[in-house]
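Trainee: I have a new structure open and would like to walk through it with you. Could you take my questions as they come?

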Amino acid sequence: MSPNSTRIPGTSLQLCGLTQRFNTKKVRERIVECCNETTIYDRLFRERLAERPYTTDDARDFIQWAAAGWSSHRYYVFIVNGPDGLPCASCDLKTATRIDDEIGYWRSQRVAGSMTMIVRQMLLVASKNGFSGFHARVARDNLGSIAVLERLDFVLSDRHDVNGRLVFTRRARESQST
C-alpha cells in the first residue's frame, strides 16, 4: 500500500498516509488542537494520559509511530487534511492481515458530518490493496461511531472485546464503491 494522498469525493478533504513528511510544527500543533477537543480527548486520551492534556510531544510520537507502520507494513495510519492543508481527522488500519483488520478513527468538530465519507475512502483504498474484511470496536454509548459503521454496512457481531465494547464487522466488496 502506498501513502499517496487521495481526494475524498464530495468534500474538499484529502486522505493521506501519515508519514514523517507531515512531522512539521504546524501539523503537530493542529493534531494537538484536535486531540484536545472534548469528545476526542474524553474517548481516546483522558484515561491513557492520566488527565494531562495532549501535547506536541504526543503529536510528534503519533506521527513517528504512524510512519513506522507505513515503513514496516504492519499497520496504516491516514491523516485527513482540510482545505487549509492541516489535519482535521485520522483513520487507520490497526492491523494488516488483509483478512479481518481492525479500523479506528477520530475527527475534529471542524469537519462534523464527514466521518462516513472519510472511512468509506479509507476502506476503498484498503480494498483496492487486497484487504478483504474489517472490524471496529466501539463503546456502547458512542452512537455517532455506531451510526458511521452502520452507514458503511458494518454489522454488529456476537463478540465483544475485553472492555465490553461492541464489535462490528464487514467484508470488503470489490464491485462496490465501498
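Trainee: Let me start with one residue: is H73 buried, exposed or partly exposed?

Mentor: Keep in mind throughout that this is a predicted model. H73 counts as partly exposed, because its relative accessibility is 44%, and its place is the loop between α3 and β3.

Trainee: What about the phi of H73?

Mentor: H73 has a positive phi of about 60°, although it is not a glycine. As background, most residues other than glycine have a negative phi.

Trainee: Which loop holds D153?

Mentor: D153 lies in the loop between α5 and β7, and it too is not a glycine yet has a positive phi, of about 65°. With 43% relative accessibility, D153 counts as partly exposed.

Trainee: Since α5 has come up, which of its residues are buried?

Mentor: In α5 the buried residues are S145, I146, V148 and L149. They sit on the same side of α5, because the arc they cover around the axis is only 155°.

Trainee: And what covers the buried residues of α5?

Mentor: The cover includes the strands β5, β6 and β8, the last of these spanning 166-171, together with the helix α4.

Trainee: Switching to the strands, what is their order in the sheet?

Mentor: The sheet is open and has 8 strands, with mixed pairing, in the order β1-β2-β3-β4-β5-β6-β8-β7. β1 (6-7) and β7 (155-160) stand at the edges with a single partner strand each, so one side of each has no neighbour in the sheet.

Trainee: How do β7 and β8 pair, then?

Mentor: They are antiparallel, with 3 bridges between them, and V155 stands opposite T169 in β8. The two strands form a hairpin with 5 residues between them, and G164 in that turn has a positive phi of about 80°.

Trainee: Is S157 buried or exposed?

Mentor: S157, which is found in β7, is buried, because its relative accessible area is 12% and the cut-off for buried is under 20%. Apart from neighbours within four places in sequence, S157 is in contact with V167, F168 and T169.

Trainee: Back to the middle of the order: how many bridges join β3 to β4?

Mentor: There are 6 bridges between β3 (residues 76-81) and β4 (residues 87-93), and the two strands run antiparallel. For one place to look, V80 has A89 in β4 as its bridge partner.

Trainee: How far is A89 from C34 in space?

Mentor: Their C-alpha atoms are 7.9 Å apart, while in sequence the two residues are 55 residues apart. C34 belongs to helix α1 (residues 25-35), and it counts as buried, with 0% relative accessibility.

Trainee: What is C34 in contact with?

Mentor: If neighbours within four places in sequence are left aside, C34 is in contact with I40, P87, C88, W106, S108 and R110.

Trainee: New topic: what is the volume of the largest pocket?

Mentor: It has a volume of about 1400 Å³. The lining has 42 residues, and those closest to the centre of the pocket are I40, R43, L44, Y105 and W106. I40 and W106 are therefore names you have already met, as both are in contact with C34.

Trainee: Which elements give two or more residues to that lining?

Mentor: They are the helices α2 (38-45), α3 (56-72), α4 (115-128) and α5 (143-151), along with the strands β4, β5 (101-107) and β6 (133-138). α2 gives the most to the lining, with 7 residues.

Trainee: How do the lining residues divide into nonpolar, polar and charged?

Mentor: The lining of the largest pocket has 16 nonpolar, 11 polar and 15 charged residues.

Trainee: One last residue: is Q121 buried or exposed?

Mentor: Q121 lies in helix α4 and is buried, with a relative accessible area of 9%. Once its neighbours within four places in sequence are set aside, Q121 is in contact with T6, R7, I8, P9 and L15.

Key. Residues are numbered from 1 along each chain as its sequence is written. This is a predicted model: local features need pLDDT of at least 70, side-chain atom pairs count only at pLDDT 80 or more; totals for chains, interfaces and linings use all residues. Side-chain values use heavy atoms; hydrogens and water are left out. Two strands pair if DSSP finds at least two bridges between them. Helices (H or I, at least four residues) and strands (E, at least two) are DSSP runs, numbered from the N terminus. On a 1 Å grid over the protein atoms alone, a cavity is a set of points where a 1.4 Å probe fits but cannot get out, and a pocket is an open set with protein on both sides within 12 Å along at least five of seven lines; lining residues have an atom within 4 Å of a point. Grid points are joined across faces, edges and corners, and a volume is the space filled by probe spheres set on the points. Ala, Val, Leu, Ile, Met, Phe, Trp, Tyr, Cys and Pro count as nonpolar, Asp, Glu, Lys and Arg as charged, and the others, Gly among them, as polar. Buried means under 20% relative accessible area, exposed over 50%, partly exposed in between (1.4 Å probe, protein chains only). The arc is that of the directions from the helix axis to the C-beta atoms. Contact means heavy atoms within 4.5 Å.
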